[in-house]
Amino acid sequence: MKRDNLQLYFIMGTSNVLIQKPLNVLEKALQSGITMFQFREKGPNTLTGQAYENFAQECQKLCQQYNVPFIVNDDVELAVKLGADGVHIGQEDLPVSMVREKIGSMILGVSVHSQAELQTALQYGADYVGIGPIFATSSKKDAKPPSGTKFLQQVRIQYPELPIVAIGGLNCSNAHTVFKAGADGIAVISAICESEDISNTISTLKSFSILDKKIK
Ligand SMILES: Cc1ncsc1CCOP(=O)(O)O
Ligand SMILES: C=C1C=NC(C)=NC1=N
Ligand SMILES: [Mg+2]
């Protein structure tokens, strides 16, 4: 995984897409240039069983067509079964050590909210860390309170080379702040799922990271 893969990391499940069809939203996002995708089918009235697996497979197929890494949230078994490009786990999921054993050299992303959680993630060779929620979000029911960019800045200073993606309430009007704080990329759900113009939203979100590189 290259740090650039994290630039615009789209996360979606059926519960995040209100009107359009989830697979149409994903295809549009892939055509518009997302750089990584996370399958996150979680929460009330989401797909289960064979339908769940089929949906994941459809998403994976689309990502393969556009040569974009396909990451599975939480469900390590599914990721291994599908031969996904990676998994993303939180601290409440399987212990990071066990996951690394199960997935071998697949991409391993870990959510971290504290120095202790960061050390655990690094100890077991996380390929990237997810830091957030930066701002308030309604896409994750059990999200912790918004942390702002303080912890993000701290981690960047401590680990200049660590791939970091910021997440939580990110959109076209605030994404620039997390790139300035040192994130390699942003992870978004609603900014894309609820966008009136997905390609415009995506090109705007991506512009901040290129812009910041020039400014730096
Ligand atoms: C999965 C997750 N983890 C921390 S916040 C969040 C939800 C992000 O969704 P949105 O981009 O719509 O705020
Ligand atoms: C909670 C999360 C934090 N960060 C990322 C990238 N994905 C998640 N599901
Ligand atoms: Mg989780």
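**Entry 1: ligand 2 and its polar contacts**

I began with ligand 2 and found one of its nitrogen atoms 3.4 Å from an N or O atom in the side chain of His88. I kept in mind from the start that this is a predicted model. Next I looked up Asn73, where a polar side-chain atom lies 3.5 Å from a nitrogen atom of ligand 2. I then turned to Gln38, and there the distance from a polar side-chain atom to a nitrogen atom of the ligand is 3.0 Å. I also checked how well ligand 2 is covered: on its own it exposes 270 Å², and the protein buries 91% of that.

**Entry 2: the shell around ligand 2**

Which residues are around ligand 2? I listed Tyr9, Ile11, Gln38, Asn73, His88, Ser111, Gly130, Val165 and Ile167. By class I noted four nonpolar, five polar and no charged residues in this shell. I looked at the strands too: S1 and strand S7 (164–167) each supply at least two residues of the shell. As for its place in the protein, ligand 2 sits in the largest pocket.

**Entry 3: Tyr9 again, in an aromatic pair**

I searched the whole structure for aromatic pairs and came away with six. I picked out the one formed by Tyr9 and Tyr128, which is edge-to-face, with 5.8 Å centre to centre and 80 degrees between the planes. This pair links distant parts of the chain, since Tyr9 is in strand S1 (residues 8–12) and Tyr128 in strand S6 (residues 128–131), 119 residues apart. I had already met Tyr9 among the residues around ligand 2.

**Entry 4: ligand 1**

Where does ligand 1 sit? I found ligand 1 in the largest pocket, and I recalled that ligand 2 sits in the largest pocket as well. Around ligand 1 I wrote down Arg40, Pro133, Thr137, Ser139, Lys140, Ile167, Gly168, Gly169, Val188, Ile189 and Ser190. Ile167 caught my eye, as it is in this list and also in the one for ligand 2. I sorted the shell of ligand 1 by class and got four nonpolar, five polar and two charged residues.

**Entry 5: polar contacts of ligand 1**

I went through the oxygen atoms of ligand 1 next. One lies 2.5 Å from an N or O atom in the side chain of Ser190. For Thr137, I read 2.7 Å between an oxygen atom of ligand 1 and an N or O atom of the side chain. With Gly169 the partner is a polar backbone atom, 2.7 Å from an oxygen atom of the ligand. I closed with the cover: of the 380 Å² of accessible area that ligand 1 has on its own, the protein covers 92%.

Methods. Residues numbered from 1 in each chain as written. Chains lettered and ligands numbered in written order. Predicted model: local features only at pLDDT ≥ 70, side-chain atom pairs only at ≥ 80, totals over all residues. Heavy atoms only, no water. Near = heavy atom within 4 Å. Polar contact = N/O pair within 3.5 Å; in protein donor to acceptor, adjacent residues only side chain to side chain. Areas by Shrake-Rupley, 256 points an atom, 1.4 Å probe, with all protein chains shown as cover. 1 Å grid on protein atoms, 1.4 Å probe; cavity = no way out; pocket = protein on both sides within 12 Å on 5 of 7 lines; lining within 4 Å. Sits in = over half its atoms within 2 Å of the grid points. Nonpolar A, V, L, I, M, F, W, Y, C, P; charged D, E, K, R; others polar. Phe/Tyr/Trp six-rings, centres within 6.5 Å; stacked < 30°, edge-to-face > 60°. Helix = DSSP H or I, 4+ residues; strand = E, 2+ residues; numbered from the N terminus.
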